Amino acid sequence: MSKIHIEGLHKTYTSKHGPVTALKEVSLSIKQNEFVTLVGPSGCGKSTLLKLIGALIRPSRGTLLFDGAPLLHPTRDVGIVFQEAVLLEWRTVIDNVLLPTEILGLDKVKSRSRAMDLINLVGLAGFERRFPRELSGGMQQRVSLCRALIHNPSVLLMDEPFAALDAMTREELGFELMRIWDTDKKTVIFVTHNITEAILLADRVVAMTPRPGRIARIVDIALARPRTIEMEFTQTFKSYSDQIREVIYHGTGASRS
Amino acid sequence: MTAERNPAELYPEDETLEPSDSTLKAVLGATLTLVALTILWEVLVRQFQVPAWLLPSPTLIVESMVEWRSELVGHSMVTLYETLMGFALSIAISVPLAVAIVYSPLLQNTIYPILLALQSMPKVAIAPLLALWIGFGTLPKIVVVFLVCFFPIIVATATGLAAVPAPLMDLIRSLSASSLQTFVKIRFPTAMPHIFVGLKIAITFAVIGAVIGEFVGSESGLGYLILVSTSQSRTPLAFGALVLLTIMSIVLYYGIALVEHVVVPWAPRN
């Protein structure tokens with residue numbers, strides 16, 4: 001059974017200029033513990049698809065199964081990381097990480113020790129009493145990752161989580177995410193507009209195109225794990241990249257910008 | 001692969017928010033300028049023998065303040081009482097009302113637009129009507145203060161409560177948080193710095209409101225004292241009252257700023 005099963009999913013928004021089709025006829029099955037990246041230009045519906053999987057919005061039509069059951073309400077089995085860390089300014093690092101456990105009413109002592117483990121895992125040991133404003137963007141995003149993982153969800157939704165960071169930090173966090181995923185397997189759905197990042201992280205890359213948002217191609221990435229930065233320069237990597245670029249840029253006639 | 005950087009190196013420990021050298025310079029500069037201007041005032045008044053009922057010298061003002069100290073203290077207390085009561089009443093009513101407005105689409109579409117429109121009305125112009133309706137005691141002054149404070153506080157609170165970033169709301173929804181949890185853990189703390197901006201604007205209006213209320217008709221307060229002493233050509237005393245009003249305003253403002261510093265230490269500072 002797939003962890004997430006999507007079939008014939010449509011999402012239409014109403015705007016001032018009439019209905020806008022954000023997603024059209026999307027079908028996708030994601031296996032348990034699979035790392036899937038959604039890549040494509042703005043307006044291809046990748047974030048919309050992520051929000052649908054998080055049950056933050058309702059589909060207009062189609063099937064969306066989570067663990068085999070229709071997804072009607074947000075489930076606690078999901079952790080979310082956004083482009084902005086959106087930490088609570090008035091809470092320390094550890095209290096930010098603990099926020100979901102307070103809302104879900106989880107055991108305080110256990111949660112605290114798990115929070116400390118996660119903070120150590122992302123390399124922020126010693127920073128747990130600091131406030132968000134004292135942290136760099138990359139460190140804030142690490143905290144946000146801990147917050148998404150604290151209640152041990154089986155699915156991690158990431159909406160361009162590293163897009164606001166500089167290239168070096170982005171790379172570093174990508175490898176760190178893979179390391180964490182390797183030790184504590186989860187189903188990860190990761191949205192990005194960076195093709196290199198999409199390939200390097202994923203088991204499967206879902207390439208999407210806009211107007212209307214739909215899946216143009218799904219590419220299986222057969223690169224060995226753990227992934228390394230050197231893989232980016234291999235012929236295999238380039239061929240994946242070409243396959244994705246082809247559908248994203250030429251498939252729609254969109255300019256290469 | 002990029003080398004793992006130690007996060008500790010990214011942000012040095014000693015980067016604190018201490019008042020900088022430039023703040024100290026500004027305070028010192030302003031103080032010296034004020035002293036210089038006061039001396040210039042004294043010298044000019046003496047040099048040109050300006051009559052005291054027109055423009056008293058600083059020394060004369062101080063003398064008169066010492067002479068009338070018990071009256072000045074008494075009237076100050078009245079004005080301070082009106083200011084604080086009106087301000088407190090305003091907080092007590094506008095903050096809960098702002099919460100209701102933010103949570104109720106009905107109020108948002110009925111009461112709130114009217115309130116925003118009423119904001120343009122010069123509230124002090126109602127003071128004579130208030131005197132007509134509720135007389136010349138302290139109550140009409142408290143009502144004027146309440147009115148001038150009401151709008152900045154309600155607008156700031158409503159804005160603050162709505163200022164939660166959209167992704168954060170998504171996160172909270174994904175955890176199926178209750179409305180109460182969302183309010184207590186997210187919305188209200190997010191609104192706090194905004195509320196304090198409103199409070200700081202309101203407290204400066206508050207003193208003005210109290211004085212205007214006293215101008216319209218009263219038997220006590222610093223506004224009353226200014227009115228009476230100018231009509232009796234006791235100008236130094238009017239200046240004394242003015243000095244006290246200014247001090248009161250400044251102290252109240254920094255009092256709020258101090259509370260802000262304690263309650264919302266994460267608020268951005270200017």
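In which loop of chain A is Pro212(A) found? Select Pro212(A) in this predicted model, and the viewer will take you to the loop between strand E9 (204-209) and strand E10 (214-220) of chain A.

**First stop: the loops on either side of E10 in chain A**

With Pro212(A) still highlighted, add the residue before it, because the peptide bond from Arg211(A) to Pro212(A) is cis, with omega near -10°. Arg211(A) sits in the loop between E9 and E10 of chain A, and its phi is near 50°, a positive value in a residue other than glycine. Both features deserve a careful look, since most residues other than glycine have a negative phi, and most peptide bonds are trans. As for its surroundings, Arg211(A) has 14 other C-beta atoms within 10 Å and is therefore partly exposed.

Now move along chain A to Pro226(A), which lies in the loop between E10 and helix H7 (235-250). The peptide bond from Arg225(A) to Pro226(A) is also cis, here with omega near 0°.

**Second stop: Glu25(A)**

Select strand E2 (residues 18-30) of chain A, and within that strand pick out Glu25(A). Although Glu25(A) is not a glycine, its phi is positive, at about 50°. Glu25(A) counts as partly exposed, because it has 14 C-beta neighbours inside 10 Å, which is between the limits of 12 for exposed and 20 for buried.

**Third stop: the nonpolar cores**

For the interior, select Val97(A), Ile119(A), Val143(A), Cys146(A), Leu157(A), Ile189(A) and Val205(A), which touch the most other members of the largest nonpolar core, a set of 76 residues. Centre the view on Val205(A) and show what surrounds it: leaving aside residues up to four places away in sequence, Val205(A) touches Thr37(A), Val39(A), Ala198(A), Ile199(A), Val219(A), Ile221(A) and Ile244(A). Another core, of 48 residues, lies apart from that one, and Leu130(B), Val197(B), Phe239(B) and Leu245(B) are among its members.

**Fourth stop: chain B as a whole**

Hide chain A for a moment and show chain B as a cartoon, in which twelve helices and zero strands make up the secondary structure. Chain B is more spread out than a compact globule, because its radius of gyration is 24 Å, well over the 18 Å that the globule rule gives for 270 residues. Taken along the principal axes, the box filled by the C-alpha atoms of chain B is roughly 80 × 55 × 30 Å. Buried residues make up 33% of the 270 residues in this chain. Of the contacts in chain B with a separation of 6 or more, 77% are between residues 24 or more positions apart.

Colouring by confidence is useful here. The mean pLDDT of chain B is 90, and 92% of its residues reach 70 or more, but over residues 1-16 of chain B the pLDDT stays under 50. For that stretch the model has 17 contacts beyond four places in sequence.

**Fifth stop: the two domains of chain B**

Colour residues 21-50 of chain B as domain 1 and residues 53-263 as domain 2, following the domain assignment. The centres of these two domains of chain B, taken over C-alpha atoms, are separated by 30 Å. Where they meet, six residues of domain 1 of chain B are in contact with five residues of domain 2 of chain B. The domain 1 side of this contact divides into three nonpolar, one polar and two charged residues.

Next, select Leu44(B), whose place is in helix H2 (residues 21-47) of chain B. Leu44(B) is exposed, because it has 12 other C-beta atoms within 10 Å. Draw a distance from Leu44(B) to Ser57(B), which is 13 residues apart from it along the chain, and the C-alpha atoms prove to be separated by 8.7 Å.

**Last stop: where chain B touches chain A**

Bring chain A back into view and select the contact between the chains, which takes 20 residues from chain B and 33 residues from chain A. On the side of chain B, helix H1 (7-10), helix H9 (166-174) and helix H10 (179-216) each supply at least two residues. H9(B) gives the largest share of that side, six residues. By class, the side of chain B that touches chain A has 13 nonpolar, four polar and three charged residues. For the complex, the predictor gives an ipTM of 0.88 and a pTM of 0.84.

Definitions and conventions:
Residues numbered from 1 in each chain as written. Chains lettered and ligands numbered in written order. Predicted model: local features only at pLDDT ≥ 70, side-chain atom pairs only at ≥ 80, totals over all residues. pLDDT = per-residue confidence, 0-100. Contact = placed C-beta atoms within 7 Å. Helix = DSSP H or I, 4+ residues; strand = E, 2+ residues; numbered from the N terminus. Rg over C-alpha atoms; globule rule 2.2 N^0.38 Å. Core = buried A, V, L, I, M, F, W, Y, C linked by C-beta atoms within 7 Å. Nonpolar A, V, L, I, M, F, W, Y, C, P; charged D, E, K, R; others polar. Domains from an automatic or database assignment.
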